Amino acid sequence: MNLLVTLGTVDAQTWKTVGIVAGILAGIALVLVIAILIVGKVFKVDVDEKVTAILENLAGANCGGCGCSGCSGFAQKLACGKGDLADCHVTSPEKKAEIAKLLGIEMKDEEPTVAIVKCKGGENANDAFEYNGNPTCAANASLLGGNKMCKTACLGCGDCAAVCPEKAIKLVNGVAEVIPERCISCGACINTCPKHIIERIPVKAPVYVACSSHCKAKEVMQSCKVGCIGCGVCARSCPHGAITMVDNLPVFDYSKCTGCLTCVAKCPRKIIYTR
């Protein structure tokens, strides 16, 4: 009989302990739930419906050509009135028109463009020194402006090709070259090139100058076999007055260029290329 009473007392104490532990756990869980709700309330991020609507109309390439980390960042910038819709070269004109309506702005007329590399140096451009460092253009350029004698020469490490979302850039004879039919003119390569020798030209442009050097003829000829020497023969020969010499480089007015290719034939350095 005494044994049964003892066992009953033990069981009662055990259940009491279990109840206390369960109560403590339940209390802790309740506190955690309340804390989560408070934190969620305090740090709640309101979703801007305008940003969402803009994002739905953007191309979604997340190329970074607009200067933002991705389309989401660009959508927020546009919604705040701090962005320019023209900075995106990937979204279609129809979708841009929808975004313009959302923003209450007038859409600008934009001419389709394509990227070009203003250099054909590569293996034709002489080295100032041998570079054996990190095989990227950025690292190469950080050392005395790069290993090429011409300081506007393509360094040929392919940083532009690495960031191109459409694989529209290839390396040919040590210099980057755009594949026009793949290029969406997003600008990722333009933002990446440390030498700033990639730019956009109109898709309809029949020719372009594949050189960025503003040096005088003697210096150009010492550093590159194909660099523009600023002789101006192209400008003088153009029957339509579409070429002007600016700081030793020909500049095209594509509104006047007819694609007659006289400049291509006359250029002694063969640095004007057709597209």
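**Reading helix 2 and the model's confidence**

Student: Which exposed residues sit on the face of helix 2 turned away from its buried side?

Tutor: That face of helix 2 carries Glu49 and Glu56. Exposed means over 50% relative accessible area, buried under 20%, and partly exposed in between (1.4 Å probe, protein chains only). This is a predicted model, where local features need pLDDT of at least 70, side-chain atom pairs count only at pLDDT 80 or more, and totals for chains, interfaces and linings use all residues. Residues are numbered from 1 along each chain as its sequence is written, and side-chain values use heavy atoms, with hydrogens and water left out.

Student: Which residues of helix 2 are buried?

Tutor: Helix 2 spans residues 49-57 (helices are DSSP runs of H or I, at least four residues, numbered from the N terminus). Its buried residues are Val51, Ala53, Ile54 and Asn57.

Student: Why do the buried residues of helix 2 line one face?

Tutor: In an α-helix there are 3.6 residues a turn, so residues three or four places apart point the same way. In helix 2, the buried residues fall within an arc of 165 degrees seen down the axis, so they line one face (directions run from the helix axis to the C-beta atoms).

Student: What covers the buried residues of helix 2?

Tutor: The cover includes helix 3 (71-79) and helix 4.

Student: What is the mean pLDDT of the protein?

Tutor: pLDDT is the predictor's confidence in each residue, from 0 to 100. Here the mean is 89, and 90% of residues reach 70 or more. Over residues 1-5, though, the pLDDT is below 50. Beyond near neighbours in sequence, residues 1-5 have 0 contacts in the model (heavy atoms within 4.5 Å). Where pLDDT is low, predicted coordinates should not be read in detail.

Definitions and conventions:
Helices (H or I, at least four residues) and strands (E, at least two) are DSSP runs, numbered from the N terminus.
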